[in-house]
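Hi,

Here is the structure we talked about handing over. Have a look at it first, and then read on for what turned up.

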Amino acid sequence: MRNVHEEEALGKAYDARLMRRLMEYMRPYKWRVILALSLVAIVTPLELSPPIIFGWTIDHYFSPALKGSLPESAAWRGVIFVSIGYLLVLIFDFLAQYVQIRIMQRVGQQTMYDMRTGIFAHLQRLPMSYFDRNPVGRLVTRVTTDVDALNDLFAAGVVTMINDFFLLAVMAAVLFKIDWRLALDTLSVLPCILIVTYVFRHYVRDANRHIRTAIARINSFLQEYISGMSIVQIFNREVKARAEFAKRNKENMVAWRSAILSYALFYPAVEILSVAAIALIYWAGGNRVLAGTLSLGVLTMFTMFATRFFRPIQDLSEKFNILQSAMAASERIFKLLDEPATVCSPTDAIGLANPRGEIEFRNVWFSYRPIPNPGEDDWVLRDVSFRIEPGQTLAIVGHTGAGKTTLISLLLRFYDVQRGQILLDGIDIRKINLQDLRRLFGIVLQDPFLFTGTIESNVRLGTPRHRPFHRRAIHLRNRSRGFYRVPPRRRRRLHQRARLHALGRPAPAHQLRSRPRAQSALPYTRRSHLQRRYQDRAANSRRPRPSPQRPHRARHRPPPKHNSACRPHPRLPQRPPPRARRAPGAPRPARHLLPPLPAPIQRARAASPQRR
């Protein structure tokens, strides 16, 4: 239940521990962040300059010109110079905000890149038991949606909140310095705005929580049903799947509709309160202007400050929700990053230079439940012991769920055993480097998996050099009857899991990669018969073959045959050709249910003495 409702966790609005961990991702870009923060000291005065410029222009040019104390030409000249200065202020404000936003957006994108890279790298180190407990859709949400929530915090949250706080503080100080009575009139509606903001934050927080939950459920549903689309179509579950998806999609729509409704009510409410504050300023200030105790420029200045004063409050309420969503997302991300990688290489790992291929399971007990003391019904393997000599071939046969795949998973250390040991050449596999251990094996999976790319990239699978064995594998892969529709060129693109190509009996291309020490997860010191079979095919394919001689093409082609000569008559019954009867007493022919043995094995059997 904890994993089901994990997306609904809200967390704290501000967590100092999580914020310190988030700031570690911004440490490589600290000088850029410092430059963006230093621009706050430039942006704030430029944001406060327009009201002051307008008020000063009205008191020094328009009012004296209207009263006749200043010539009209001088007033127009002063207005022109002030307009040029106001235009320069707007240009510098635009440039400062552009540089600030560009820096923080760049830092946010680079921080997202580093975080996604770290999350994906950590996911590759986690054991298979973690993926058994967590659906893929939830993990995809961690890498995409949760990281996007942190991008809003890094790119537009931190610096913008600091800029808004600084702007509000400086603006309030300027208002009280100019006229404290009008400043009180301007701030009189502030308690009402705080109450509206508190209610808005509460509803938007619930809406964001429902949105995150709905998105996570949609991702999990899509991953599960798209991966199992063949099962859905086989059992005719399309209508049921559409109904289930419509239900989850409706939950997402309702959550977004609640968030939109909250914003649609919040912004008009703040706008009405700000207009009420401006009306109060006009009423109180207008009476003072008529009485001659206040200038018209100061009244205009306060009106413009009032319209600018409530805008940062709206931004702060929205940024507060971004901060809370980022705290909840960071908590889930750090919970994933703090997940221990229980299956890892030891610090004093042992290397195997020339492995002989001896495998031994010694009193192995294993359960898929990651608990210290599993119950009696939880054990999948109970005291399993066997030994495989070097060069020996072993086939493990059993019904579904008997533990065949579990043996291979334990041998490759996808899981660690709870009791007992697994030895390779007499060494516990937990003491061997994990990558070196898995490099010794080659697995032929029952369900082939091809990555999106080319045949060559699937054969190499990250190998830096192109080896001769890769070309041989590509050649055999293209000649194989089990891979009918693979294009002949090794650089031809393959789609996801090679759905557009027919996969047959032989293994996929990347399962024939360089130096496979084993087939079916069994190491060999000598080449296995499967490898020898592919090498025999490659040797036979290199032999020169006589090219067929094309007949001489005549100048005029013979007329085509009539359809009746090529196809059977539709009205006449068509009988199958008579079967050759077996002579009395003759032995029945052997039915070749299995493919013929390779030529080297047939020669070896013919040379070996017959056992009686």
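How many bridges join S1 to S2, and do these strands run parallel or antiparallel? There are 6 bridges between S1 and S2, and the two strands run antiparallel. One place to find this pairing is Val364, whose bridge partner in S2 is Val384. Before you go further, please keep in mind that this is a predicted model.

**The sheet**

S1 and S2 belong to an open sheet of 4 strands, with antiparallel pairing and the order S2-S1-S3-S4. At the edges sit strand S2 (379-388) and strand S4 (427-428), each of which pairs on one side only. S1 covers residues 359-367 and is also joined to S3, residues 419-424, by 5 bridges; this pair runs antiparallel too. If you want a spot to click on there, Phe361 stands opposite Ile422 in S3. Helix H13 (residues 404-411) packs on the sheet, where it touches S1, S2 and S3. The direction of H13 makes about 110° with that of S1.

In general, the strands of a sheet pair through backbone hydrogen bonds, and they can do so in a parallel or an antiparallel way.

**The whole protein**

Stepping back, the protein has 19 helices and 8 strands. It counts 612 residues, and 38% of them are buried. Take the contacts between residues at least 6 apart in sequence: 78% of those join residues at least 24 apart. The accessible surface comes to about 39,000 Å², and carbon and sulfur atoms account for 59% of that.

**The cores**

Which residues have the most contacts inside the largest nonpolar core? They are Leu22 and Ile119, in a core of 57 residues. Helix H12 (residues 296-337) gives the most to this core, namely 17 residues. Leaving out neighbours within four places in sequence, Leu22 is in contact with Met115, Leu150, Leu153, Phe154, Met327, Ser330 and Phe334. There is also a second, separate core, with 19 residues, including Leu381, Leu412, Ile422 and Leu437. You have met Ile422 already, as the residue in S3 opposite Phe361.

**The aromatic rings**

Searching the whole structure gives 17 aromatic pairs. One of them is Tyr25 with Phe334, a stacked pair at 6.4 Å centre to centre with 25° between the planes. Tyr25 is in helix H1 (residues 16-26) and Phe334 is in helix H12, so to speak a long way along the chain: the two are 309 residues apart, and the pair links distant parts of it. Phe334, which is also a contact of Leu22, is buried, at a relative accessible area of 3%.

Another stacked pair is Phe200 with Phe266, at 4.1 Å centre to centre and 15° between the planes. What does this pair tie together? Phe200 lies in helix H9 (residues 190-227) and Phe266 in helix H11 (residues 238-291), so the pair connects parts that are 66 residues apart in sequence. Are these two residues buried or exposed? Both Phe200 and Phe266 are buried. They also belong to a cluster in which ring pairs link Phe200, Tyr263, Phe266 and Tyr267.

Cheers

Terms used
Residues numbered from 1 in each chain as written. Predicted model: local features only at pLDDT ≥ 70, side-chain atom pairs only at ≥ 80, totals over all residues. Heavy atoms only, no water. Pairing = 2+ DSSP bridges. Contact = heavy atoms within 4.5 Å. Axes fitted to C-alpha atoms, helices over the stretch in contact; angles between N-to-C directions. Core = buried A, V, L, I, M, F, W, Y, C linked by side-chain atoms within 4.5 Å. Buried < 20%, exposed > 50% of the residue type's maximum accessible area, 1.4 Å probe, protein only. Areas by Shrake-Rupley, 256 points an atom, 1.4 Å probe, with all protein chains shown as cover. Phe/Tyr/Trp six-rings, centres within 6.5 Å; stacked < 30°, edge-to-face > 60°.
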